[in-house]
Amino acid sequence: VLTNKDLLGIKELSVEEINLILDTSAGFKDVLGRDIKKVPTLRGKTTVNLFFEPSTRTRTSFELAAKRLSTDVINFSVPTSSVVKGESLIDTALTVQALGADFIIIRHSSSGVPHLLAKKLRVSVINAGDGTNEHPTQALLDAFTIREKKGKIEGLEIAIVGDIAHSRVAKSNIYSLKKLGARLRLIGPPTLIPKEMEVMGIDIFHNMEDGLRDVDVLMMLRIQMERQGKGFFPSTEEYSRNWGLTLERLSLAKDEVIVMHPGPMNRGIEITSEIADGPRSVILEQVTNGLAVRMAVMYLLAGVKK
Amino acid sequence: MNILIKNGHIIDPLQRIDRVGDILIKDGKIKELIMQDAGYKMQDRKIKDHESDSRIIDAKGLYVLPGLIDMHVHLREPGFEYKETIKTGTRAAIKGGFTTVCCMSNTYPVNDNASVTEFIIRKAAQEGYCTVLPIGAITKGQKGKELAEIGTMINEGCIAFSDDGHPVMNSLIMRRALEYSKTFDVPVISHCEDLTLSEGGVMNEGLMSVTLGLGGIPAEAEQIMVFRDILLAELTGGRLHIAHVSTEGSVILIRDAKKRGVNVTAETCPHYFSITEDAVKGFDSNAKVNPPLRTERDIKAVKEGLRDGAIDVIATDHAPHHRDEKLREFDMAPFGISGLETALSLSLRLVEEGILTMNQLVEKMVLNPSRILRLNKGTFKVGANADIAIVDINKEYRVESERFVSKGKNTPFEGWVLKGMCFLTICKGKVYEW
């Protein structure tokens, strides 16, 4: 069983807990393959999606996962909430708790917000992405997908390409894949890869070709347009020329390499359409697996004694 | 009524006193010092006389220090009375053993003109528990563009100038400030931070900031400005005082500058030699401070700087905030630590560790601030104001912010067990016991 009532980050999870979530996810994936995709497991519970940052994919995935478990779901998003009236974060969260929520799924642009709420609230807080800190369920669904495709994670050569510095997806994946025994490489310009990560025993490549050689798994990150003009790289065109994934570059990796992307993709910038839609891509399977993993997380957290 | 402090271990480096004795206070002034040396018995009769018409304070086993001087506090008044007032802030000072505090200019309105200075001085005279000496802004509105009326503010009572958390980025204006202030022999206090390099930062840059996903402030953001200001002090001959030194690099730059004879002094704060960036773990906004908490290596360098004199002063940078402001997203919470009530205990650890002697601690917390600000304080010479802190260096206690008298309960030292605290403070003729 899990030890904490909250899922704040991969940092806070043990290897056993990660494996438990992945194993449980497999069961829920079976459920999703059935004709009737809903189970009564958490009937009577209430889930609140508290999203302080725009999100369609993650929010929808959590919403659907919660509904498949038969919980009632409320979406509380910033433009329609009292947050615009100047209510403090804590007051908003306490209000949601007072309304009877059992799960609060939170996304916020500031790192540490789920941790702050977890300390102040009795309910289970699930981090759906906080600032540039973590996005644990994305890393769990990525690990689940790799395990499903490769049969294992330990010993695999896994490369993450792109804006590592600003990516909570990358951070969570780094913690999770390291805990699960993979060998990690980060690829991208020095402006987007914190040099401190070398201390964590990760190889850093600034040259895409060098970094791609013999990898088993390739994770592409979305390049944020707003990084342009801030000195991280001169233009998306130049970025694409140096770090975009093309078929030619992909041929440097192992033949059976899988290509992942957390979405949404910038086709033609970090990844070409031929690859995104091609046989090596598991991008849409990641989305499907996300549902199973989020169901597993909620199911397991419901079993934690508070 | 006179006050007679008996049997205390008196420390007065200016008079080279470091021994047990008695101090007689009359009308808020030092009337007489009677040291327990060879001639003590001879004065038996006189002491008996003093005892008969004095309030007697038994300081046996305690240190009697000149009242501490904190040259860097934020009293928040006028403008932010919900965070702290002159009344509550000076009460916290007294509790911490401080009898003089210098308040920074970032009030609302900014202390950039004589009327604000006059307000602070008047309010402090009416409600302040200890002496309050205002630090004026270098530039109008702390905007870094035009010099404020430095001379006029000095006439009203300002003793130094600083734009504090809004460092003067324009090197020409900083040069002018260092030049112009020479007229009045006052220091320009620099909060050294290259704002372009620290932009978006909320903690020290390093593995920890990467791991927590928080914006980093590199040590270089401080050091670049330390070096710039040292060069400008060298160019102009103006008096530069570097506020809250937090990095190894800054200590080295200041030490080298002093060797070259540059007119520079420097302070650090207890949190920069007591805790590292580790305190931010778990996103504790009470550990959010600017400059940020650094690393073990920096702590070591700051201690060495205190030991060898590269750093002259221990100040608190007492920065009280309302609890609601700290109970926010880490990014949005304000920078600052409420420091007046823990400073002495944390600094006494340096004595315990053998980094400073008790005499040197008094230099860092009393004499050097007095010297830098030309205050003529910090001694028990007959006729001097009786600003006194009686300290029990063995008293252990647990830090409980709810018991702070400051309005600011924001401390990263919550729950720490500290040793050594102020037992009693005498200021402006009044005795405060804790």
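In what follows, Ala, Val, Leu, Ile, Met, Phe, Trp, Tyr, Cys and Pro count as nonpolar, Asp, Glu, Lys and Arg as charged, and the others, Gly among them, as polar. Keep in mind that you are looking at a predicted model.

**Empty spaces inside**

Let's begin with the enclosed holes. The structure holds four cavities of 30 Å³ or more. The second largest cavity takes up about 50 Å³, and its lining splits into five nonpolar, three polar and three charged residues. Among the residues around it are His191(B), Cys192(B), Glu193(B), His244(B) and Arg294(B), and the lining also includes Asn290(B), Pro291(B) and Pro292(B).

The largest cavity offers about 70 Å³ of space. Of its 15 lining residues, Pro167(B), Val168(B), Met174(B), Ser190(B) and His191(B) lie nearest the centre. So His191(B) turns up in the lining of the largest cavity and of the second largest one. Strand 10 (188–190) and helix 8 (219–236) of chain B each bring at least two residues to the lining of the largest cavity, with helix 8 giving the most, three residues.

**An open pocket**

Now for a space that is open. The second largest pocket has a volume of about 560 Å³. It has 28 residues in its lining, and those nearest its centre are Asp284(B), Asn286(B), Arg323(B), Lys326(B) and Leu327(B). Both chains take part: helix 4 (113–120) of chain A and helix 12 (323–326) of chain B each supply at least two lining residues. Helix 4 of chain A gives the most, with four.

Here are the three linings by class:

| Space | Volume | Nonpolar | Polar | Charged |
|---|---|---|---|---|
| Second largest pocket | about 560 Å³ | seven residues | nine residues | 12 residues |
| Largest cavity | about 70 Å³ | seven residues | three residues | five residues |
| Second largest cavity | about 50 Å³ | five residues | three residues | three residues |

**The nonpolar cores**

Which residues have the most contacts inside the largest nonpolar core? They are Val101(B) and Ile242(B), in a core of 84 residues. Helix 14 (residues 358–372) of chain B provides the largest share of this core, six residues. A second, separate core has 62 residues, including Leu184(A), Val293(A), Val297(A) and Met298(A).

Ile242(B) is worth a click. Setting aside residues up to four places away in sequence, Ile242(B) touches Ser190(B), Cys192(B), Val226(B), Ile254(B), Val264(B), Thr265(B), Ala266(B) and Glu267(B). You have met two of these already: Ser190(B) by the largest cavity and Cys192(B) by the second largest.

**Cys130(B) and its surroundings**

Cys130(B) sits in the loop between helix 3 (114–127) and strand 8 (131–136) of chain B. Is Cys130(B) buried or exposed? It counts as buried because its relative accessibility is 0%, and the cut-off for buried is under 20%. Leaving out residues up to four places away in sequence, the contacts of Cys130(B) include Thr90(B), Phe98(B), Val101(B), Cys427(B) and Lys428(B). Its C-alpha atom is 7.5 Å from that of Arg91(B), although 39 residues separate the two along the chain.

**Strands 16, 17 and 18 of chain B**

Strand 16 (residues 388–398) runs antiparallel to strand 17 (residues 417–427), and eight bridges join them. Arg398(B) stands opposite Val417(B) here. Strand 17 also runs antiparallel to strand 18 (residues 430–433), through four bridges, with Thr425(B) partnered by Tyr432(B). Two residues lie between strands 17 and 18 in this hairpin, where Lys428(B) takes a positive phi near 50°. Lys428(B) is also one of the residues that Cys130(B) touches.

Methods:
Residues numbered from 1 in each chain as written. Chains lettered and ligands numbered in written order. Predicted model: local features only at pLDDT ≥ 70, side-chain atom pairs only at ≥ 80, totals over all residues. Heavy atoms only, no water. Core = buried A, V, L, I, M, F, W, Y, C linked by side-chain atoms within 4.5 Å. Buried < 20%, exposed > 50% of the residue type's maximum accessible area, 1.4 Å probe, protein only. Contact = heavy atoms within 4.5 Å. 1 Å grid on protein atoms, 1.4 Å probe; cavity = no way out; pocket = protein on both sides within 12 Å on 5 of 7 lines; lining within 4 Å. Points joined across faces, edges and corners; volume = space filled by probe spheres on them. Pairing = 2+ DSSP bridges.
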